[in-house]
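Reader: I am new to this structure and would like to be led through parts of it, one careful step at a time.

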Amino acid sequence: MTATLSSPVRIGRAAVGALGMLAVATGALESVVTPTLPLLQRELDMSPAEGALLSIMLLVTGALVTPVAGKFGDRYGGKRVLIRLMAVVSAGGLVSALAPNLPVLLLGQVLQGAMVGALPLSFILVRDHLPAGESKVAIGVVSGLFVGGGMAGTLSAGPVAEGLSRHWMFALPTIAVIAATMLVNRLMPHDPPRRSDDAGIDWPGLVLLSGTLVTLMLVLALAPDLGSQPLVLGALIVILAAFAAGWTAVERRAASPMVDLRMLARPAVWKSCVLTFVICVGTSVAVYLVPQLFAVSADAYGFGAGATEIGFFLLPGAVAASLAGPISGIGARRFGSRAVVTAGILIMAVALTGLAAVHTEIWHLVIGKVMISLANGLCVTAMVTSTATSVDQGDTGIATSLVLVTRVLGYAVGVQLGGALLTAGTPSGSDVPAESAFVTGFVIAGAVTALSLLVARTMSKGVKE
């Protein structure tokens, strides 16, 4: 049996605020590994390869969990699935905080990866309990706070790990996740399931999708090191193609597919996925290159900044990222998602091109990073909002999950591209990349971002999408 037996209970600001607090806490917990990876490598005696594995573990599991969480949320109710997912995340955070060695820390990161599925579940709850116009703003607020939480985690992880210990940099945001989950459980009304369970779960599709995403993430993470081993790289690509082909065939025949490929074929969904991927590639190239440029020795062409200074320089970007979500939600409500996305793409393309041309002063990088963070938040939030409100209410979770998965993949591609450019641009016997490597990275990211206008201009321009 399905069907809602009564009208959904309208939620107030307190319930939306609880979802926002959870977004901040999960965003902070998600981001603590990247800025402290050198410290973790020293304390846990990790090799560079093991450090790379640790850095992508949460992304891999997040990419797996997100579409599953969205599907289950549409089927069983967003709150029910969200609370259980956060229990897994909290357990993962505690395991990471107490981890004495790398294998235990990897286990903690696997469990923490479930947090990425929290966003589509939050969107389900917002759409269930708010009118269409207000839900756009609320989705923007939650998305923006998740981004802001990620930046807060990036800025605070280093000082906490150095001032207290690496254990506390996991423990503090985990405590915040537990507290926010309890608030959501108390303030958010239950949303009844909307779909029948008679068709069961598409386990073959889930397994093949997991294999596809894991293999894809491994190819992205290992490709720079496998350039000298073309047979290994070729084998991984063949495995990836086999998983993808098998998954597509299974999903087309499944009675209740994990990912309805007909939904992915909808213009509103596939355009959002393409735009999200391209824009996140451009963003993550800058996210990787700007801190590296800050850290380059002042005797060369950089600024010789330490971890604390870099965190301070990135703070304005964190503020811009946290404000972008609400601004995007309001803009999408008033002007339509296409206008917001187009504005964001133009801002980002100008910022990336500007950084390629001018990066000789600290304020050049600070302003550029602010513009990029703002533009990314505007674009991704508008596309998630557009997708969430353009599909049937029962498909909100899985549709937004597709967009969020492409966000993860775009980020991974951009970081790998930035790293490969700096590696290729480092002269033999030197630890400092050539300045031209940074310029090339910013130019490529700007050009790719600008090309996404070709897709953005085909989006529906109505305010209510």
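The turns that follow take up the packing of three helices and then a cavity.

Reader: Before the details, what kind of model is this?

Author: The chain shown here should be read with its origin in mind, and local features are taken up where pLDDT is at least 70. The model is predicted.

Reader: How are helix α12 and helix α17 oriented to each other, roughly parallel or roughly antiparallel?

Author: Helix α12 covers residues 267–295 and helix α17 covers residues 435–451, and their axes lie 9 Å apart. The angle at which the two pack is about 160 degrees. Since angles over 145 degrees count as roughly antiparallel, the pair α12 and α17 is therefore roughly antiparallel.

Reader: Which residues of α17 does α12 meet, and how do the residues of this contact divide by class?

Author: From α12, the residues V278, G282, V285, A286, L289, V290, Q292 and L293 take part, and they meet F438, G441, F442, A445, V448 and T449 in α17. By class, the residues of this contact between α12 and α17 are ten nonpolar, four polar and no charged.

Reader: What is the handedness of the crossing of α14 with α17, and how are these two helices oriented?

Author: Helix α14, residues 337–357, comes within 8 Å of α17 when the axes are compared, and the two axes cross at roughly 160 degrees. With angles over 145 degrees counted as roughly antiparallel, α14 and α17 are therefore roughly antiparallel to each other. As for handedness, the crossing in which α14 passes α17 is left-handed.

Reader: How many charged residues are there in the contact of α14 with α17?

Author: On the α14 side the contact is made by I345, M348, A349, L352, L355 and A356, while α17 brings V439, F442, V443, A445, G446, T449 and A450. Divided by class, the contact of α14 with α17 has eleven nonpolar residues and two polar ones, and the number of charged residues is no charged.

Reader: How are α12 and α14 oriented to each other, roughly parallel or roughly antiparallel?

Author: The axes of α12 and α14 are 11 Å apart, and these helices pack at an angle of about 30 degrees. Because angles under 35 degrees count as roughly parallel, α12 relative to α14 is roughly parallel.

Reader: Which residues of α14 are met by α12?

Author: The crossing of these two helices is left-handed. In α12 the residues in contact are L275, I279, G282, T283, A286 and V290, and their partners in α14 are V341, I345, M348, L352 and L355.

Reader: Turning to the cavities, which helix supplies the largest share of the lining of the second largest cavity?

Author: The count comes to two cavities of 30 Å³ or more, and the second largest has a volume of about 50 Å³. Its lining is made of L19, L22, A23, T26, A118, L119, S122 and F146, of which six are nonpolar, two polar and no charged. Both α1 (13–30) and α6 (118–129) supply at least two residues of this lining, but the largest share, four residues, comes from α1.

Conventions:
Residues numbered from 1 in each chain as written. Predicted model: local features only at pLDDT ≥ 70, side-chain atom pairs only at ≥ 80, totals over all residues. Heavy atoms only, no water. 1 Å grid on protein atoms, 1.4 Å probe; cavity = no way out; pocket = protein on both sides within 12 Å on 5 of 7 lines; lining within 4 Å. Points joined across faces, edges and corners; volume = space filled by probe spheres on them. Nonpolar A, V, L, I, M, F, W, Y, C, P; charged D, E, K, R; others polar. Axes fitted to C-alpha atoms, helices over the stretch in contact; angles between N-to-C directions. Parallel < 35°, antiparallel > 145°, perpendicular 65-115°, else oblique. Contact = heavy atoms within 4.5 Å. Left-handed = near helix turned anticlockwise from the far one by under 90°.
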